[in-house]
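Trainee: I should like to discuss the geometry of this model with you. May we begin with how its helices pack?

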Amino acid sequence: MRSFRVKWKSPANIALVKYWGKNGHQLPANASLSMTLSEAFATTEVTFSPLKNEGGPVVTFTFENNTNEIFQQRIERYLQYLKENEMPFLQHYRLDIQSQNSFPHSAGIASSAAFMSSLALCLCSVEEQLYEGIGYSFFERASYIARLGSGSAARSVYGGYVSWGRSKHVPHSSDEYASPVNKTVHPSFMHYVDTILIVSEKPKAVSSSAGHRLMNDHPFQLARYRQAALHHEELLRCLLCEDRQRFVEIVENEALQLHALMMTSHPSYILMEPATLFVIQQIRQFRSETGIPVCFTLDAGPNIHVLYAKDESVAVENFINNQIIPSIAQPVRVMYDRLGNGPEQLFFEFDK
Ligand code: DP6
């Protein structure tokens, strides 16, 4: 049996239409649509060493050179599931996994999407090598495997704009894996900027999985899924037809809906901070004064993603640096990101 060493760099993504609520095993309750980032990424290296027996996968995991018991257990459960259901070859291997992020863990950026997609890509590279002609499209398979680790990770295996979930408006779409939709995006959306204002570095108050579960008996569940489907369809149209005005309305509405759902869940969570609302109001005022269609989105946390086209960056960045940041009492960390090209394999080595 051969040993392998593989390393992938894979980006985070920010959802424009949110995945919030699950069906079955890691299947989304609605189709989502995201923008893959460029500067926020994870790099993960996995060494696969053959075991003498079939007791694998044996796993070691370090994140930025430190062990992490909770994450280690999550990875073990994930790999065990894959061994039993998708990748039986894992029983023959010990996997030493080392990962790091290009961004601070506390930044509230969905780091599980970057990490889980990078790990899935490493697993799929070895699978592809072991079973040549397996008949899967590599990235489709990687998206499927990433999804089993974290739903939003399914979208991170592709660059640009990515859709995940069954929709009659995306050919060959599936709940099981994501697909890129860049061919139907107007060129003006292909140079989009995401400037992230980190107004709080506190750890998440609610994990994603617990958050998704809140949708199971949410009083607004049906209305949400109906609205998400409409937003998904309409946002695709906005990207195609360069409808910036409606794009802004939908993206902001999705962010606020996500938070409204959390606020009205049982238990209820308020994840915005006063600074979050302040920035939102500032962005809306700037937009109405200048006519520049800059907008915001939020993840399941208080930090604000400010989205705009690259050729608006001078005006918007002036506004961020000279108006927004000086008006916020606490320190704000700013991360400049943009639409990215997707993952990159850094190396793949094996014994012949
Ligand atoms: C609010 O993908 O982190 O970021 O599948 O349980 O790992 P799991 O959830 P996760 O949920 C992401 C939720 C979100 C919206 C989104 O990215 O679409």
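Mentor: Let us begin with α1 and α3, bearing in mind that the model is predicted. Helices α1 and α3 are oblique to each other, because angles of 65 to 115 degrees count as roughly perpendicular and those over 145 as roughly antiparallel, whereas these axes cross at roughly 130°.

Trainee: What is the handedness of the crossing of α1 and α3?

Mentor: The axes concerned belong to residues 69-85 for α1 and residues 138-149 for α3, and they come within 10 Å. The crossing of the two helices is right-handed.

Trainee: Which residues make the contact, and how do they divide into nonpolar, polar and charged?

Mentor: Helix α1 contributes Arg-74, Tyr-78, Tyr-81 and Leu-82, while α3 contributes Ile-145, Ala-146, Leu-148 and Gly-149. Arg counts as charged and Gly as polar. The division is therefore six nonpolar, one polar and one charged.

Trainee: Which element supplies the largest share of the lining of the second largest pocket?

Mentor: This pocket has a volume of about 250 Å³. Two elements, β9 (178-180) and α5 (221-241), each supply at least two residues of its lining. Among the lining residues are Ser-179 and Pro-180, as well as Glu-233, Leu-236, Arg-237 and Leu-240. The largest share, four residues, comes from α5.

Trainee: How many residues of that lining are nonpolar, polar and charged?

Mentor: The lining also includes His-169, Val-170, Pro-171, Val-181, Lys-183 and Thr-184. By class, the lining of the second largest pocket comprises six nonpolar, three polar and three charged residues.

Conventions
Residues are numbered from 1 along each chain as its sequence is written. This is a predicted model: local features need pLDDT of at least 70, side-chain atom pairs count only at pLDDT 80 or more; totals for chains, interfaces and linings use all residues. Side-chain values use heavy atoms; hydrogens and water are left out. Axes are lines fitted to C-alpha atoms, for helices over the stretch in contact, and angles run from 0 to 180 degrees between N-to-C directions. Angles under 35 degrees count as roughly parallel, over 145 as roughly antiparallel, 65 to 115 as roughly perpendicular and the rest as oblique. A crossing is left-handed if the near helix is turned anticlockwise from the far one by less than a right angle, and right-handed if clockwise. Contact means heavy atoms within 4.5 Å. On a 1 Å grid over the protein atoms alone, a cavity is a set of points where a 1.4 Å probe fits but cannot get out, and a pocket is an open set with protein on both sides within 12 Å along at least five of seven lines; lining residues have an atom within 4 Å of a point. Grid points are joined across faces, edges and corners, and a volume is the space filled by probe spheres set on the points.
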